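Biologist: I'd love a close look at one part of this model, the sheet and the contacts around its strands. Could you walk me through it?

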Amino acid sequence: QVQLVESGGGLVQPGGSLRLSCVASESIFSINYMAWYRQAPGKQRELVATITPYGHRNYAESMRDRFFISADNAKNTVYLQMNTLKPEDTAVYFCSALKVSGTYWGQGTQVTVSS
């Protein structure tokens with residue numbers, strides 16, 4: 001079972017940037033891929049981006065130009081760099097890990113974009 005701990009959320013003004021971190025309890029190489037999701041109030045959870053241990057990335061089309069997912073395999077950590085943030089990016093951001101044994105989730109970190 002993988003444990004995931006997110007951090008880096010907070011309050012930011014529109015146009016600002018944040019970097020989220022997700023630390024996994026085991027090597028990323030033991031995980032098929034890592035992902036960031038988000039869930040805004042009253043909305044379904046949506047995929048933001050995914051990354052494999054070998055650096056292959058995918059993004060939700062609407063976030064491709066502003067968000068960047070990366071990983072530091074030595075630290076078992078995945079990052080989400082978010083730029084030019086908009087109020088509609090306000091959500092709880094979750095890290096997840098997909099393995100053969102199942103999908104694992106972190107507790108989430110709140111991102112609020114507001115002036």
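In what order do the 4 strands of the open sheet lie, and is their pairing parallel or antiparallel?

Modeller: Happy to, with the reminder that this is a predicted model. The open sheet holds 4 strands in the order 1-3-8-7, and their pairing is antiparallel. At its edges stand strand 1 (4-7) and strand 7 (67-72); each has a single partner strand, so one side of each is left without a neighbour in the sheet. From one strand to the next, the twist averages 15°.

Let's step inside the sheet. Strand 3 pairs with strand 8 (residues 77-82) in the antiparallel sense, over 6 bridges. If you want a position to click on, take Val23, whose bridge partner in strand 8 is Thr77. Next, look at a side chain that sits over a ring: Arg19 lies over the face of Tyr79, 4.1 Å from the ring centre.

Strand 3 also leads us to the disulfide. A search of the whole structure finds 1 disulfide, and it joins Cys22 to Cys95 with an S to S distance of 2.0 Å. Cys22 belongs to strand 3 (residues 18-24) and Cys95 to strand 9 (residues 91-99), so the link connects distant parts of the chain, 73 residues apart. The angle about the S-S bond is -75°, which makes the link of Cys22 and Cys95 left-handed. Both Cys22 and Cys95 are buried.

Now follow strand 9 itself. Strand 9 runs antiparallel to strand 10 (residues 102-105), and 4 bridges join them. Together, strand 9 and strand 10 form a hairpin with 2 residues between them. Within this hairpin, Ala97 has Tyr104 of strand 10 as its bridge partner.

Strand 9 has a charged contact too. The side chains of Lys99 and Glu26 meet in a salt bridge, at 2.6 Å from N to O. Lys99 lies in strand 9 and Glu26 in the loop between strand 3 and strand 4 (33-39), so this pair ties together parts that are 73 residues apart in sequence. Glu26 is buried, with a relative accessible area of 19%; the cut-off for buried is under 20%.

The aromatic side chains are worth a stop as well. Across the whole structure, a search finds 3 aromatic pairs, and ring pairs link Tyr37, Phe94 and Trp105 into a cluster. Phe94 has a charged companion: Arg45 lies over the face of its ring, at 3.8 Å from the ring centre.

Finally, let's turn to the loop that comes between strand 8 and strand 9. Asp89 forms a salt bridge with Arg38, side chain to side chain, at 2.8 Å from N to O. Asp89 is in that loop and Arg38 in strand 4, 51 residues apart, and the pair links these distant parts of the chain. Asp89 is buried, with a relative accessible area of 0%, and Arg38 is buried too, at 8%. The side chain of Asp89 also meets that of Arg66 in a salt bridge (2.7 Å, N to O). Arg66 lies in the loop between strand 6 (57-59) and strand 7, so its pairing with Asp89 ties together parts that are 23 residues apart in sequence. Like Asp89, Arg66 is buried. Stepping back, Arg38, Glu46, Arg66 and Asp89 are linked in a network of salt bridges, while the whole structure has 5 salt bridges.

Terms used
Residues numbered from 1 in each chain as written. Predicted model: local features only at pLDDT ≥ 70, side-chain atom pairs only at ≥ 80, totals over all residues. Heavy atoms only, no water. Disulfide = S-S within 2.5 Å. Buried < 20%, exposed > 50% of the residue type's maximum accessible area, 1.4 Å probe, protein only. Phe/Tyr/Trp six-rings, centres within 6.5 Å; stacked < 30°, edge-to-face > 60°. Lys NZ or Arg CZ within 6 Å of the ring centre and 35° of its normal. Pairing = 2+ DSSP bridges. Axes fitted to C-alpha atoms, helices over the stretch in contact; angles between N-to-C directions. Salt bridge = Lys/Arg side-chain N within 4 Å of Asp/Glu carboxyl O.
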